[in-house]
Amino acid sequence: MRQKLTKELIAPGKLKGLITLGIILFFTVFSIYGASAKAENSSEITNGGYTFEELNPDDVTTKWDDSYLFSTREDALKELGSLKKRSEEINETFRPEFEELSGSALLDYIETEKEFSRSFDVLHIYAYTGLSKNVNDQFFSSLLADTQDLATEHGKAVAFATVKLTSISTEEWEQFFSEEPGLEEYRPYFEASYIRFAEHRPEDEGQAAYLEDIGNQRMKLQTEALSKITNNVTKAGNITLESGEEYAVNSQSFYTLLSMDPSRTNREKCYELRFYHLINESDSMASLYSEKARLDDLAAKELNYTDSYESCLYRLYLTDSQVDEMNSVFKERKDIFEGYNDFRKTKLELETLKPYDLLLELTEEPGEEYAYVAALKGIQKSYAGMDPRFNDIFMEMATENFIDVYPDPENGKQPGGYCYELCALHAPALIFMNYNGMISDQKTLTHELGHGIHFYLMGNSVDYLYCSGPTYEMEVPSTFNEELFVDDVVENSDRDTAVAVLSQHIGEYQNYFAFQPMITEFEHKAHQLCAENGSASGAELNDLWTELYKEYRSDSVEYYTEDSAEWTSINHIYLTNNYYTFNYAVSKAITLALFKQYSEDPEAFNGNYVAYLSAGSTMTPEEKLKKYFGIEINRQLFEDAMDVVELRIRQLEELDKGMNEPKFESSVESLNIYSGSFWNLPL
C-alpha cells in the first residue's frame, strides 16, 4: 500500500513518504522449502555469468538501528527547532524575490526548498518509525505531532511560492527556462508539481493557509485512527481453545490462528469473537471516518475538484473511466475463482467454506513456523534471474539493521508492515515487519523488499525531487517481487510444496482483484454518504460494506448473515492518501504483464526494468510504461490479468493431477510431463 503520511512540503504534486502494507489485507505466501529451524551456511548462487554470495545467517539483523538518523532524542528535538528557524528564513529570503521572480531566484528557491525537505524527511522518518514501534510512546507521539505541525506551518510560510508557481503562464515558464539553464533539469518536476495544477491551485495565500490547516487536521485524524486500531479495534478479547488454553485475539494473533490452527472449532471461535467485536467498535470508528470524509472533500473542493475521489485520480494520472472498467472486469469475471474455492474445499474436506476457512495454510501440517532466516534465503534465491543489483541491495537491507522483524503488540507495536524510503540519505529503506513465522509473513517480507530495492535504485539514480511516483507505480516492484518468489517455488520445490504455494497465491489474486478494489469503492460511496447526510453511523457503513462485498466476493463461501464491520480495522481507509487500495489491483495487473515479458526474455526485461525503477518521476507514468514495456492502462490490461489468473488455476490443476503419481525432482518436471510451460497452458 502506498500511503502518503508526510506533508507535501514543496508542491501539490510531490508524492513522497511511506509505503504501507497492512497484514489485515490477507497477503499470504508459503515457505519455499518448508520449515527450517536451522539455516544452511552461506554458499554461492549463480545468476548467468554472475555469482554472488548467499546470505550468511550469522550476519542477519532483526532490529532497526536508527542512530544514523539521530544519535539521541535530544538531537531530534534540536533539529526540529533548527527546521522551524530555517522555515522562517526561507520565507524572509524568498518572499521579496517572488514579487519580481527571475529564473536564477527560482533555481535558488527550489534548491533551498529541496534541502529543507531532505532534512524534514529524516526527522519525520525518525518520528513515525519510533511511534510505529510503540504507539503509546509519548515522546514519539509528541514529536510526530510536532513534525506534522511544522509541515503545516512551513506550507503556510511558502504559500507565496505555491500560489505564484501554479499561476505562471506557459510563456513565463519558457522565459524562466531560457534565462536560467540550471532550471532545465527540474522541468519534469515543475510540470508534475505546479504546471498541471493550474486549474487546481489555491487562489491566494489565505486559502493556501486554510488548506494547510485542513491538512493538519487530516494528519492528526490518521494518527488517532491508527492508535485506535492498535489499542482497541483489533483487540477483541480472549477465547478458550479446545486445549483449554486462553488465547488473546489481537492484530497479530487473529491471523496467526486462522492461518495455522487446523482446528475448525478454534478458528470459528476466533473469527466470531472478532466479527462481533468489530461491530461494537463501528460507531466509534464511523464518527472518526465521517469527520475524515468531511475534511477530505472540503480540501478537494477548495481546489476546484468535485470531491476527494476526483482529486485522487487526477494526482494518479488516472480517470474514473479507467477505474470503472477495471472494477467491471473484476466483477464480471469473479467466477474464475470458483475452481480455486472448490480446490480449497476439497483439500480441507469440507462441504461448505466459511470465512474462517479462507486463510488456513494448505500444508500437510498447518501451524509449522518458518524461520526468518530461511524466509530471507528463499527470497534471495528468487532473485537468481534478476539484475545483480537486486541481490546487492537485498544483502545490505538484511544484514545492516534496516528491517525491524518481530511483533510486540502488547507493548504497542503497530500491526502490519511497511517500507519507508530513505532517498534523502541515499540509504536503503527501512522495513517494518511483524514476522510470526507464518506463510503470509514471507509474502509481506518479499513485498516490502521489492519496495526497498526500488527506493534504493531510484534514490541513487535521480535527483531527490524525482524520488516519487503515483501509488500504483510504486506498488509494481513489490507485487513483481511476489511473482518472482512464487515462480521460484514452483520452479525449484517439490510438487506438494508447489501445489500448496500456488493455491495460496491464487487466493491472493482474489485479494488483489476483488477485495482491494472493493475497499476503494467502499471509501468512495462512504464519502458520498457522509456528504449527503453530514455523517454516517456504524450500522450504515456496515451495511454499505456488506452490500458492496457481495458484488465482488465468491458466492460459494457461506458468510455470516449480519452486516460486517471489517472496514473498521483497515488502516488504509483512514489515510490522508485517500482511495489507496485499488492501486494494488492496478499494480498487480501491470506486474502480470511485466512478468510475462520477463519470462519470455529475462535479459532484455532486466535492462528495461532497472531503468524503469530508477527513473522515478522524471517521466509521467504513462510515458514510462509505454517507453519501457509498451503497456497502457485500459480494459485489456485487466482482461489479460484475469487470463493469467485462469492460467495459474490451470497450472494448479495440472500440478495437482500428479499428486498420486511418482514424485519428480521438481514441480516443473511434474508440470512438463502434463502440459509444458506455464504461459502455454490452455485456458
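Helices here are DSSP runs of H or I with at least four residues, numbered from the N terminus. The model in all these views is predicted.

**View 1. A patch of negative charge sits on the surface.** Four acidic residues come together here: Glu97, Asp108, Glu111 and Glu185 gather in a surface patch of negative charge. Take Asp108 as the way in: helix H2, which covers residues 103–133, is where Asp108 is found. With a relative accessible area of 42%, Asp108 counts as partly exposed.

**View 2. A salt bridge joins helices H3 and H7.** Side chains of opposite charge can pair when their charged atoms come close. In this view the side chains of Asp149 and Lys220 do just that, meeting in a salt bridge at 2.8 Å, N to O. Asp149 lies in helix H3 (residues 138–157) and Lys220 in helix H7 (residues 205–233), so the pair ties together parts that sit 71 residues apart in sequence. Asp149 is partly exposed, at 31% relative accessible area. Its partner Lys220 is partly exposed too, with 29% relative accessibility.

**View 3. Helix H9 holds a buried salt bridge.** Look for Lys292 and Asp296, whose side chains meet in a salt bridge (2.6 Å, N to O). Both residues belong to helix H9 (residues 264–302), and they are four residues apart, or about one turn of the helix. Are these two buried or exposed? Lys292 is buried, and Asp296 is as well.

**View 4. Another salt bridge lies within helix H12.** Here Asp342 pairs with Lys345, and the closest N and O atoms are 3.9 Å apart. That still makes a salt bridge because the cut-off is a side-chain nitrogen of Lys or Arg within 4 Å of a carboxyl oxygen of Asp or Glu. The two residues are separated by about one helical turn because they stand three residues apart in H12 (residues 338–347). Asp342 is partly exposed, its relative accessible area being 39%. Lys345 also falls in the partly exposed class, at 23%.

**View 5. Six residues share a salt-bridge network.** Zoom in on Glu332, Arg333, Arg635, Glu639, Asp643 and Glu646, which are linked in a network of salt bridges. For the wider picture, a search of the whole structure turns up 42 salt bridges.

**View 6. Helix H13 is mostly covered.** Of the 11 residues in H13 (residues 372–382), nine are buried. Among them are Tyr372, Val373, Leu376 and Ile379, along with Lys377 and Gln380.

**View 7. Two loop residues have positive phi values.** Start with Asn304, a residue other than glycine whose phi is positive, near 70°. Asn304 lies in the loop between H9 and helix H10 (308–315). It counts as exposed, with 53% relative accessibility. Then move on to Tyr317, again not a glycine, with a positive phi near 65°. The loop between H10 and helix H11 (320–332) is where Tyr317 is found. Tyr317 is partly exposed, at 21% relative accessible area.

**View 8. The cysteines form no disulfides.** A disulfide is a covalent bond between the sulfur atoms of two cysteines. How many disulfides does the structure hold? The count is zero. Cys419 is in no disulfide, and the nearest cysteine sulfur, that of Cys423, is 9.4 Å away. Cys419 is buried, with a relative accessible area of 0%. Cys312 is buried too, at 10%.

Methods:
Residues are numbered from 1 along each chain as its sequence is written. This is a predicted model: local features need pLDDT of at least 70, side-chain atom pairs count only at pLDDT 80 or more; totals for chains, interfaces and linings use all residues. Side-chain values use heavy atoms; hydrogens and water are left out. Patches are made of residues with over 30% relative accessible area and no salt bridge: like charges are joined within 9 Å, nonpolar side chains (Val, Leu, Ile, Met, Phe, Trp, Tyr) within 5 Å. Accessible areas come from the Shrake-Rupley method with a 1.4 Å probe; for residues, only the protein chains shown count as cover. Lys and Arg count as positive and Asp and Glu as negative; His and the chain ends are not counted. The place of a charge is taken as NZ of Lys, CZ of Arg, CG of Asp or CD of Glu. Buried means under 20% relative accessible area, exposed over 50%, partly exposed in between (1.4 Å probe, protein chains only). A disulfide is a pair of cysteine sulfur atoms within 2.5 Å.
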